[in-house]
Amino acid sequence: MSDLIVTIDGPAASGKSTVARLLADKLDASFLDTGAMYRAVTLAAMQAGVDLNDQRKLLEIVQKCKFQFSAEAGKTAVCIDNTDVTEQIRDPEVTSNARYIAGEPTVRAELVRMQRQFAAARQKIVTEGRDQGTVAFADADVKFFLTADAGERARRRQADLGGKDNDQSLEQIQKAIEERDRSDESRAVGPLKPADDAIVVDTTDLSIDQVVEKLLALVKERCSQSK
Ligand code: C5P
């Protein structure tokens with residue numbers, strides 16, 4: 001059983017992944033990027049030519065494919081059946097199709113089971129996603145919900161994309177982010193929302209380092225209170 005579970009949920013491009021990875025480093029904890037899991041299943045289903053509304057086929061993909069996730073400098077490396085798909089899972093088509101997988105209850109249940117299995121094998125973890133504090137780890141030691149205004153999140157996403165997909169304007173990126181938030185917030189299973197006991201942090205005017213320092217201080221404070 002883990003000694004420390006920290007969850008970070010929040011909307012698209014709120015900086016969760018970067019913050020979670022850096023916070024995990026500071027806490028000497030393992031890092032779990034659950035968005036990469038939904039993206040990997042989406043890509044595997046697309047590659048297999050599966051109807052993304054076919055619940056049974058999607059579950060088969062999750063159970064039959066071999067998914068491997070590893071933390072590499074600055075990103076989560078992903079393999080499907082031993083093929084590296086780290087770059088492909090970030091493709092805008094995969095990003096937009098992830099909603100089919102995210103809305104499928106049996107697939108979500110299986111991915112949550114895998115996330116808990118990952119945590120159970122580790123002493124400390126920092127995990128990020130949409131439902132980590134509400135569903136996957138409802139008993140987590142510390143829960144965060146990161147927000148930032150949509151315009152700022154779009155600017156961050158554009159900077160992340162660098163030269164790639166530069167045919168997308170800032171307005172298009174913001175629109176895609178807002179559509180994804182709506183879809184994530186409105187699904188029946190594991191919707192995007194802060195857990196009742198989550199600490200909500202608005203990162204709009206904060207640098208990555210400031211967010212990490214703030215979260216680190218809060219984790220230390222909570223841990224010293226619970227001793
Ligand atoms: O965080 P990221 O943008 O990589 O997530 C991709 C998509 O995967 C999200 O838009 C969401 O639909 C889904 N997701 C989810 N639950 C999680 C993590 C991601 O539904 N815990």
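## Around Asp33

Let's start with Asp33 and its company in this predicted model. If you skip the neighbours within four places in sequence, Asp33 is in contact with Ser17, Thr76, Arg90 and Glu128. Asp33 itself sits in strand S2. Is Asp33 buried or exposed? Its relative accessible area is 6%, and the cut-off for buried is under 20%, so Asp33 counts as buried.

Glu128 deserves a second look. Along the chain, Asp33 and Glu128 are 95 residues apart, yet their C-alpha atoms are separated by 5.5 Å. In the sheet, Asp33 stands opposite Glu128, which belongs to S6.

## The five-strand sheet

Now zoom out to the sheet that holds S2. Here's a bit of background: the strands of a sheet pair through backbone hydrogen bonds, and they can do so parallel or antiparallel. This sheet is open, has five strands in the order S2-S6-S1-S7-S8, and uses parallel pairing. S2 and strand S8 (199-202) stand at the edges with a single partner strand each, so one side of each has no neighbour in the sheet. Going from one strand to the next, the twist averages 20°.

How are these strands joined? S2 (residues 30-33) and S6 run parallel and are linked by four bridges. On to strand S1 (residues 4-9), which also runs parallel to S6, with six bridges between them. One of the pairs to look for is Ile8, whose bridge partner in S6 is Glu128. So Glu128 turns up twice: opposite Asp33, and as the partner of Ile8. Then comes strand S7 (residues 142-147), parallel to S1 and joined to it by four bridges. There, Val6 has Val142 of S7 as its bridge partner.

Why is strand S6 (residues 124-129) described as largely enclosed by the rest of the structure? Because five of its six residues are buried.

## The three-strand sheet

There's another open sheet to find, with three strands in the order S3-S4-S5 and antiparallel pairing. Strand S3 (67-72) and strand S5 (83-84) are its edges; each has a single partner strand, so one side of each is left without a neighbour in the sheet.

Strand S4 (residues 75-80) and S5 run antiparallel and are joined by two bridges. To spot one of these on screen, look for Ile80, whose bridge partner in S5 is Thr83.

## Helices lying on strands

Helix H2 (residues 34-47) is a handy landmark because you'll meet it in both sheets: H2 lies across S3 and S4, at about 30° to S4, and H2 also lies across S2 and S6, at about 40° to S2.

Helix H9 belongs with the five-strand story. H9 lies across S1, S7 and S8, and runs at about 155° to S7.

## Where H1 meets H9

When two helices pack, people describe them by the angle and the distance between their axes. For helix H1 (residues 16-27) and helix H9 (residues 208-225), the axes come within 9 Å and cross at roughly 50°. That angle makes H1 oblique to H9. The crossing of H1 past H9 is right-handed.

Which residues make the contact? H1 brings Thr18, Val19, Leu22, Leu23, Lys26 and Leu27, while H9 offers Ile208, Val211, Val212, Glu213, Leu215, Leu216 and Val219. Sorted by class, that's 10 nonpolar, one polar and two charged residues.

## Two loop residues with positive phi

Either side of H1 you'll find a loop residue worth clicking on. Ala13 is in the loop between S1 and H1, and has a positive phi of about 60° even though it is not a glycine. Asp28 is in the loop between H1 and S2; its phi is also positive, near 60°, and Asp28 isn't a glycine either.

Their surroundings are another matter. Ala13 is buried, with a relative accessible area of 12%, whereas Asp28 is exposed, at 65%.

## Ile177 in helix H8

Finally, go to helix H8 (residues 170-186), where you'll find Ile177. With a relative accessibility of 2%, Ile177 counts as buried. Leaving out residues up to four places away in sequence, Ile177 touches Ala12, Ala13, Arg153, Ala154 and Arg157.

Definitions and conventions: Residues are numbered from 1 along each chain as its sequence is written. This is a predicted model: local features need pLDDT of at least 70, side-chain atom pairs count only at pLDDT 80 or more; totals for chains, interfaces and linings use all residues. Side-chain values use heavy atoms; hydrogens and water are left out. Two strands pair if DSSP finds at least two bridges between them. Contact means heavy atoms within 4.5 Å. Axes are lines fitted to C-alpha atoms, for helices over the stretch in contact, and angles run from 0 to 180 degrees between N-to-C directions. Angles under 35 degrees count as roughly parallel, over 145 as roughly antiparallel, 65 to 115 as roughly perpendicular and the rest as oblique. A crossing is left-handed if the near helix is turned anticlockwise from the far one by less than a right angle, and right-handed if clockwise. Ala, Val, Leu, Ile, Met, Phe, Trp, Tyr, Cys and Pro count as nonpolar, Asp, Glu, Lys and Arg as charged, and the others, Gly among them, as polar. Buried means under 20% relative accessible area, exposed over 50%, partly exposed in between (1.4 Å probe, protein chains only).
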